[in-house]
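Student: I would like to learn how to read the empty spaces and the packing in a model such as this one. Could we go through the features one at a time?

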Amino acid sequence: MSTSTAAGRKPGAGAPKAATAGGNEAKRAKSVLGGSKYSQKQLWFGALAWVIAIVFVAPYIEMAITALRPKDELTGDGYVPSKFEWANFVDVWDKSTLGDNLKVSLLVAGMSTLLVLVVSLPAAYYTARKRFRGRGVFLMLVLVTQMFQPTSLLVGLYREFYILDLLDSYWALVLVNGAFNLAFSVWILTAYFSAIPVELEEAAMIDGASRLGALRRVTLPLAMPGIVTAVIFTFIAAWNEFTVALVLVTTPDKQPLTVGINSFLGAYRVEWQYLFAGSVVAIVPVVILFAYIEKHVVSGLTAGSVK
């Protein structure tokens, strides 16, 4: 009897396992079906993202292709040239002052960014931590200065730098770019410093750190995303500036890259292949800067959330 009972229990004991296995298979199939629908939605959004990306990247692709066109195919109907003229990127350095212009742009953009950081960091920190009289008016004036374009002040700027004997010099461009990007940097850094609790600095000072040490070890790392944002916007704005540099600097080898590229636009002829080759060279440093500094933006955000 025990044998029959045992024999009768074996199918019964295996039945729950079979049911469980069948239930797991049904759940797995259901999850797979649900996952396929979700993946299809992701596929549509991914395709849309690619279309938008291609629309934005298409002008740069056209610029690179035109830079590699042979001279006799610049006005042709074909989109892709019969051969890629890599010599255009070599000739553009020999037939222009592109090398000197690139050095000037790097110097002006770098010095302008450094000047903006040196002035805006203490100004923004003090504005965020001290509730002095007229603070709101000061911040409003800082914001209002962003409404003035350098083009509207060209006559005054030219006269000012003429009196200071700074025409046709790098310092004129550094001062102008630094001045016109300082307001944005102060505004955005003030917002970042204000968002950091002052109790963190007080705790660091209780542990023996000075105010400068608390600023360096606690506040600045937490405000790194704002600092990086100010650096990116200041550098790109100084790098792309054209009108003021065209007026204040007249010597070809002292002009920045934006003005140097303009030399390929002649009165009777436009050397398109060199113009676009120079344009490709002009965007490379900005792309490298953004690709390098993006990691610091992410790490700064992570450090701020953990601390």
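Tutor: Let us begin with the terms for a lining: Ala, Val, Leu, Ile, Met, Phe, Trp, Tyr, Cys and Pro count as nonpolar, Asp, Glu, Lys and Arg as charged, and the others, Gly among them, as polar. A cavity is a set of grid points where a 1.4 Å probe fits but cannot get out. Please keep in mind throughout that this is a predicted model.

Student: With those classes in hand, how many nonpolar, polar and charged residues does the lining of the largest cavity have?

Tutor: The lining of the largest cavity has seven nonpolar, two polar and one charged residues. The residues themselves are S105, V108, A109, L173, N177, A238, W239, E241, A245 and P256, and the elements that give two or more of them are α3, α6 and α9. Helix α3 provides the largest share, three residues.

Student: How is such a space found, and what volume does the largest cavity have?

Tutor: Rolling a probe the size of a water molecule over the atoms shows where empty space is left. In this model, a search of the whole structure finds one cavity of 30 Å³ or more, and about 50 Å³ of space lies in the largest cavity.

Student: Turning from the cavity to the pockets, how much space lies in the largest pocket?

Tutor: A pocket, in contrast to a cavity, is an open set of points. About 470 Å³ of space lies in the largest pocket here. Its lining is made up of 23 residues, of which Q146, F148, A179, F180 and N181 are the closest to its centre.

Student: Which helix gives the most to the lining of the largest pocket?

Tutor: Helix α6 gives the most, with eight residues. At least two residues of the lining come from each of α3 (98-129), α4 (135-144), α6 (170-195) and α10 (243-248). By class, the lining of the largest pocket divides into 15 nonpolar, seven polar and one charged.

Student: What lines the second largest pocket?

Tutor: The second largest pocket, in which about 190 Å³ of space lies, is lined by Y60, I236, W239, N240, A282, I283, V286, V287 and F290. The elements giving two or more residues to that lining are α9 (224-240) and α12 (272-306), and the largest share, five residues, comes from α12. Its lining has eight nonpolar, one polar and no charged residues. Notice that W239 appears in the lining of the second largest pocket and also in that of the largest cavity.

Student: How should I place these helices in the chain as a whole, and how many helices and strands are there?

Tutor: The protein chain has twelve helices and zero strands. Of its 307 residues, 32% count as buried, and among contacts between residues at least 6 apart in sequence, 72% join residues at least 24 apart.

Student: Where does UniProt place the feature "transmembrane region"?

Tutor: The unreviewed UniProt entry places that feature at residues 43-61, 104-125, 137-158, 170-198, 218-239 and 272-293. In the model, residues 104-125 are 100% helix and 0% strand, with the end C-alpha atoms 31 Å apart, whereas residues 137-158 are 59% helix and 0% strand, with the end C-alpha atoms 29 Å apart.

Student: Taking a single residue, is T113 buried or exposed?

Tutor: A residue is called buried when its relative accessible area is under 20%. T113 has 7% relative accessibility and therefore counts as buried. This residue is found in helix α3 and, leaving aside its neighbours within four places in sequence, is in contact with V231, T234 and F235.

Student: Finally, how many aromatic pairs are there, and why is the pair of F84 and W86 called tilted?

Tutor: The count comes to five aromatic pairs. The ring centres of F84 and W86 are 6.4 Å apart and their planes are at 50°, so the pair is tilted. F84 counts as partly exposed at 42% relative accessibility, while W86 is exposed, with a relative accessible area of 58%. For Y125 and F193, the ring centres are 5.6 Å apart and the planes are at 90°, so that pair is edge-to-face. Because Y125 lies in helix α3 and F193 in helix α6, the pair ties together parts that are 68 residues apart in sequence. Both Y125 and F193 are buried.

Conventions:
Residues are numbered from 1 along each chain as its sequence is written. This is a predicted model: local features need pLDDT of at least 70, side-chain atom pairs count only at pLDDT 80 or more; totals for chains, interfaces and linings use all residues. Side-chain values use heavy atoms; hydrogens and water are left out. On a 1 Å grid over the protein atoms alone, a cavity is a set of points where a 1.4 Å probe fits but cannot get out, and a pocket is an open set with protein on both sides within 12 Å along at least five of seven lines; lining residues have an atom within 4 Å of a point. Grid points are joined across faces, edges and corners, and a volume is the space filled by probe spheres set on the points. Helices (H or I, at least four residues) and strands (E, at least two) are DSSP runs, numbered from the N terminus. Buried means under 20% relative accessible area, exposed over 50%, partly exposed in between (1.4 Å probe, protein chains only). Contact means heavy atoms within 4.5 Å. Rings of Phe, Tyr and Trp (its six-membered ring) pair if their centres lie within 6.5 Å; planes under 30 degrees apart count as stacked, over 60 as edge-to-face and the rest as tilted. UniProt positions are given in the numbering used here, feature names are shortened, and annotations may be inferred rather than shown by experiment.
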